[in-house]
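Q: Could you take me through one helix in close detail, then carry on into how the rest of the model packs? I'm after residue-level specifics, angles and backbone oddities included.

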Amino acid sequence: MTPELPEGAIGVETLHMTMRFGGFTALDDVSIRIAPGSFHALLGENGAGKSTLVKCMMGFYHATAGEMLVAGREARVPDPRAAHGLGLGMVYQHFTLVPSLTAAENLVISRPDAPRIIDWRAERAALDAFMARMPFQVPLDQPVRALAAGEKQKLEILKQLYLGRRFLILDEPTSVLTPSEADEVLGHVRALCEAGEITVLMITHKFREVTAFADEVSVLRRGRLVGAGRVADLSHSDMAAMMMGDAAIAEPAPRTGTAGGIVLSLSQARARDRSGLKDIAIDALQVRAGEIVGIAGISGNGQMELMEILTGQRPLESGAITVKGTPYTASRAEARERAVRYLPEEPLHNACAPRMSVAENIGFRSFDLNGSGTRFWLSGREMRKLAADLVASFKVKTASLDAPIAALSGGNVQRAVLARELTGDVDVLVISNPCFGLDVSAVSEIRARIMAARNAGAGVLLMSEDLDEILELSDRVLVMSEGRIVHETTAAASDPATLGRHMGGHA
Amino acid sequence: MSDLGIWAVPLAILGGAIRVSTPFLFVSLGEVLTERSGRINLGLEGTLVFGAMSGYAIAFLTGSPWAGVLAAAAAGAFFGLIHGLICSLPRVNDIAIGIAMMILGMGLAFYFGKPFVQPVAPDLPAISFGWWSDLPQVRAALQVNVLFLIGGVAAFALWWMFRATRVGLIIRVVGDSTDAARAMGLRPALIRTLATAAGGAFAGVGGAYLSLYYPGSWNEGLSSGQGLMAVALVIFARWNPIACFGAALLFGGAGALGPALQSVGVSEGYYLYYAAPYVLTLGVLIATSSPRQAMTGAPGELSITK
């Protein structure tokens, strides 16, 4: 650890920070002052320059112009190591913990002065003493792989404190957390700020978190600082207006029609979970035509396994899936015949062949169809025509139809997969975390498409870790915990506090 | 010769296990070290054969078997270094390079080893742990080579290194998550290259054991795929060095089954018994695989488990 650092939180200020990549200006004359001990939010759409700004501050990029003051003094940050030396630390959106190491091992090895030979007895004593001073705890002896997302995020923050960092940049720290986990983690972070231990700069696009936890906010749009102020003086719509500029946000789609007959049902389904140690047990789950059934839950409580059961990736030990009253084993032929479509989470990895082209990926459902029969020789022309139509109507931004789909941004991969899955008859649609990591305009558009599919008569099963999303879209809400459905309610009668208690298994 | 009856078989298997397991042990420890850093080196079979040749040649030329062992380790480290450096280039697949290195290693060993097929090099020393017994079979079985003991100590040392030293934790970090390693300011390619070189040195020593102790001469048919089976053995041992020690003994014992049965006069299906280690390899891989469950303990960056 670095003893020459001042105790307590430090302030950071950027002055006329500008960053150009060739002819493209990612950051244009941005000056932000973050007072010591404050909780500062950095708002902006994807591509607004938030990441560029913090990467300049952390020394990953070298700003084309402008400078930075740390604790009132001019600071040169040629690389991340120099930033760490100044007491600056960053918690990344994706975890940087090593999954197979225990929490204690992760902490000790992250120290630049980790001893050559580790005396675990002494290190454990030091770690226990450190943890005793912290407002929240994480089990130290389990491999990080076994921790829940919220615990991992807490451990990331603890790691920064353990390393003696006094200014923390949090890059969308709650994107993998449930609302209750997010509130808990941010509450602790806020308490550390109030105690004068640390200063925090949090990148986010969730207004709720800004209002609830931040003192001040700065808003970036297209590389420029377009607004700043005290959170207390700003409303959500003020912030949205600054963030979006003149761009219109799609309104939540209206809900029309009523639920029909049961199209998808699971009964007495049993399967092993990913670790092979626990069971997934769904006694009864039914989805009707023309309704959205939302499954809320903290990640790692069996939602991923349930998705895999429904897509046929995970064998059932007992029980059955029926679609429209007949048994269903998720073969390609069955899915086609009964019009069952899927939008798994992380579609680039779970629903695409990343290095194949956009046109080929869009053609996966239909490339071997010729009218009602199948074909042996493919028709490149028809595949391209279909892809071109769908790319246009779903507004997929791609350089060309022949570009590998992995080259697209997350929102555009999601649109391309949604285009494929929503084309033709859709009677059952199974979705998992459709808006993970997308920006506000992409989110509202994708939710509108899901609602449109429901209104057109599809039965939709929506698994999401984002409770707001569940509440916005669902007709009925189920809560999954420990591999079981533990609560059911209608969307109208549900309240987040009750759902949160069931999600946490305390009901 | 006193008659031990059926007890001669387990005794011969025990002795065989100690004798045959040493190359398995060294190659698998080398492979554990390499794989824990996130690379897989299938070329260790070639390294083993080249180590056997160079160890034998140097032992013959200097008259010292230990100089031979050192030469084999150096040759193995060199092969590992080449593998590691090539795999550090972008878009290079470690498995393909491993197969190429395996064939290269064997080819070079046969080419340079031709003049050493006839000469006789000094053997590595062994320690007699059977002095207390009058039975020649017991004495023969407990004739333990020094390299076996060194290998056993090395297994425990590696286990301790992965748990309680900075270098061990760094290897595990690099092997499990390249991103986390980069975020820590480590250089994954460098660490993997060094781990592959060190792993190659282990495999070279395993080769020296083959040519300098058991069977104890250099010829082209010296290795019977121990280098390849050690890769399977590492998976069976779940990347744990101490488990490698046990697995090497098990595989060694299976390899000794044929000669052991022959010694009591069972000669039917002779070649079938010689296939025992290979059958065991297949059996072990099938028994420990599961279609439903991710392999626990596998380093996250390994190209075969990704």
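**Helix α8 of chain A, and onward**

A: In helix α8 of chain A, residues 236-244, the buried residues are M239(A), A240(A), M242(A), M243(A) and M244(A). Keep in mind that this is a predicted model. As for what sits over those buried side chains, the cover includes two helices, α7 (207-213) and α15 (440-455) of chain A. Strands contribute as well, with β3 (39-43), β9 (216-221) and β10 (224-230) of chain A among the covering elements. Right after α8(A) comes G245(A), which has a positive phi, near 65 degrees.

Glycine isn't needed for a positive phi, though. E482(A) is not a glycine, yet its phi is positive at about 55 degrees. E482(A) sits in the loop between β21 (476-481) and β22 (484-490) of chain A. With a relative accessible area of 55%, E482(A) is exposed.

Chain B has a case of its own: W239(B), again something other than glycine, has a positive phi near 60 degrees. W239(B) is in the loop between α10 and α11 of chain B. Here the surroundings read differently from a solvent-facing loop residue: W239(B) has 0% relative accessibility, so it counts as buried, the cut-off being under 20%. Another backbone detail in chain B is the cis peptide bond from Y214(B) to P215(B), with omega near 0 degrees. P215(B) belongs to the loop between α9 and α10 (226-236) of chain B.

Now for helix packing. Two packed helices are described by the angle between their axes and the distance between the axes. In chain B, the axes of α2 (residues 44-62) and α9 (residues 188-212) come within 6 Å and cross at roughly 55 degrees. That angle makes α2(B) oblique to α9(B), and the crossing is right-handed. On the α2(B) side, the contact involves L44(B), T47(B), L48(B), G51(B), A52(B), G55(B), Y56(B) and A59(B). Their partners in α9(B) include G199(B), G200(B), A203(B), G204(B), G206(B) and G207(B). By class, this contact between α2(B) and α9(B) has nine nonpolar, nine polar and no charged residues.

The other pair is helix α6 (residues 146-164) and helix α11 (residues 241-255) of chain B, which pack at about 150 degrees with their axes 7 Å apart. That makes α6(B) roughly antiparallel to α11(B). From α6(B), the contact takes F148(B), G152(B), A155(B), F156(B), L158(B), W159(B) and F162(B). From α11(B), it takes P241(B), I242(B), F245(B) and L249(B). By class, the contact of α6(B) with α11(B) has 10 nonpolar, one polar and no charged residues.

Back in chain A, E151(A) is part of helix α5 (residues 149-162). E151(A) is partly exposed, at 26% relative accessible area. Leaving aside residues up to four places away in sequence, E151(A) touches V138(A) and P139(A). For a sense of distance, the C-alpha atoms of E151(A) and A387(A), 236 residues apart along the chain, are separated by 42 Å.

Finally, the confidence figures. Chain B has a mean pLDDT of 88, and 95% of its residues reach 70 or more. Among the elements of chain B, helix α3 (residues 65-87) has the highest mean pLDDT, 96, and helix α13 (residues 270-274) the lowest, 79. For the complex, the predictor gives an ipTM of 0.86 and a pTM of 0.77.

Terms used:
Residues are numbered from 1 along each chain as its sequence is written. Chains are lettered from A and ligands numbered from 1 in the order in which they are written. This is a predicted model: local features need pLDDT of at least 70, side-chain atom pairs count only at pLDDT 80 or more; totals for chains, interfaces and linings use all residues. Side-chain values use heavy atoms; hydrogens and water are left out. Axes are lines fitted to C-alpha atoms, for helices over the stretch in contact, and angles run from 0 to 180 degrees between N-to-C directions. Helices (H or I, at least four residues) and strands (E, at least two) are DSSP runs, numbered from the N terminus. Angles under 35 degrees count as roughly parallel, over 145 as roughly antiparallel, 65 to 115 as roughly perpendicular and the rest as oblique. A crossing is left-handed if the near helix is turned anticlockwise from the far one by less than a right angle, and right-handed if clockwise. Contact means heavy atoms within 4.5 Å. Ala, Val, Leu, Ile, Met, Phe, Trp, Tyr, Cys and Pro count as nonpolar, Asp, Glu, Lys and Arg as charged, and the others, Gly among them, as polar. Buried means under 20% relative accessible area, exposed over 50%, partly exposed in between (1.4 Å probe, protein chains only). pLDDT is the predictor's confidence in each residue, from 0 to 100.
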